[in-house]
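Hi everyone, thanks for making time for this. I'd like to walk you through one structure today, so let me put it on the screen.

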Amino acid sequence: AYAAGLTPGFRRGRQGNRDPGTRSIRRVFNGPFRENAMPNENPYSTPEADVHVEETGAVLASRWARLGGAIIDGIIIAILIVPLMFAFGMVDRAMAGTNTFADAIIGIFIGLIVFTVLNGYLLANSGQTIAKRLLGMRIVSVADGSILPLPKIIGLRYVPLYVVGQIPLIGGILGLINALFIFRGDKRCVHDLIAGTHVIKA
């Protein structure tokens, strides 16, 4: 009888404590999170690949695309430059260890001339090399998104690379440092910083 008398009250108490308590707990733990929740968002997901330039709305070219462009441009230039270096005896002297400072200067001029002949028209009109054209990229000014004049883009963006590349030992190290700058947030290498440029999707 004692148990029977308490059972309804006990049940009512359990029900009375359960419902408000459960609702309170749900309000406390679910309410704020539900209001601020962002559906389908993974907090551990990687950032978006595309980086937009606030001033112009352009999208920066990916690091992989820029690497591919550099490789393609390098192969095209090498196909034309190597025969010229053989013709001038530069390869033979380099293999024998008798190359001179004059060889380095000649190498710079040959490289720049071949590069400009191949890419000068595209750079002047669309800010592209052959590889950048193929991969859908262009070089533009950071300030206003415009195409730089050919003398400026060659003189500031490419000449320093060719000159530094001819310095024994140091040239390779500086070239690597220049390439590693691609991992900056704005994906600008040292030659981009010198010329005031960045590479965007065309």
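Let's start with the lining of the largest pocket: by class, it is made up of 19 nonpolar, seven polar and five charged residues. Please keep in mind that this is a predicted model. The volume of that largest pocket comes to about 1,000 Å³. Which residues sit closest to its centre? Out of 31 lining residues, those are Ala70, Leu161, Asn178, Ala179 and His191. If you want to find the walls on the screen, look for helix 2 (63–87), helix 6, helix 7 (170–180) and helix 8 (190–195), the elements that each give two or more residues to the lining of the largest pocket. Helix 2 contributes the most there, with nine residues.

Now to the second largest pocket, which holds about 240 Å³ of space. It has 13 lining residues, and Met85, Met90, Asp103, Ala104 and Gln166 are the ones nearest its centre. Here the elements with two or more residues in the lining are helix 2, helix 3 (90–96) and helix 4. Which helix gives the most to this lining? That would be helix 4, with four residues. By class, the lining of the second largest pocket has seven nonpolar, five polar and one charged residues.

Helix 4 is also a good place to pick up the aromatic side chains. The count of aromatic pairs in the model is two. In one of them, Phe115 and Tyr158, the ring centres are 4.4 Å apart and the planes stand at 45°, so we call that pair tilted; stacked would need planes under 30 degrees apart, and edge-to-face over 60. Why does this pair tie together separate parts of the chain? Because Phe115 belongs to helix 4 (residues 101–126) and Tyr158 to helix 6 (residues 150–165), parts that are 43 residues apart in sequence. Are these two residues buried or exposed? Phe115 and Tyr158 are both buried. Ring pairs also bring in Tyr162, giving a cluster of Phe115, Tyr158 and Tyr162.

Last stop, the strands. Strand 1 (residues 137–141) has four of its five residues buried, so the rest of the structure largely encloses it. Its partner is strand 2 (residues 197–201): the two run antiparallel and are joined by five bridges. To get your bearings on the screen, find Ser141, which stands opposite Thr197 in strand 2.

That's my tour, and I'm happy to go back to any part of it. Thanks for listening!

Notes. Residues numbered from 1 in each chain as written. Predicted model: local features only at pLDDT ≥ 70, side-chain atom pairs only at ≥ 80, totals over all residues. Heavy atoms only, no water. Phe/Tyr/Trp six-rings, centres within 6.5 Å; stacked < 30°, edge-to-face > 60°. Buried < 20%, exposed > 50% of the residue type's maximum accessible area, 1.4 Å probe, protein only. Pairing = 2+ DSSP bridges. 1 Å grid on protein atoms, 1.4 Å probe; cavity = no way out; pocket = protein on both sides within 12 Å on 5 of 7 lines; lining within 4 Å. Points joined across faces, edges and corners; volume = space filled by probe spheres on them. Nonpolar A, V, L, I, M, F, W, Y, C, P; charged D, E, K, R; others polar.
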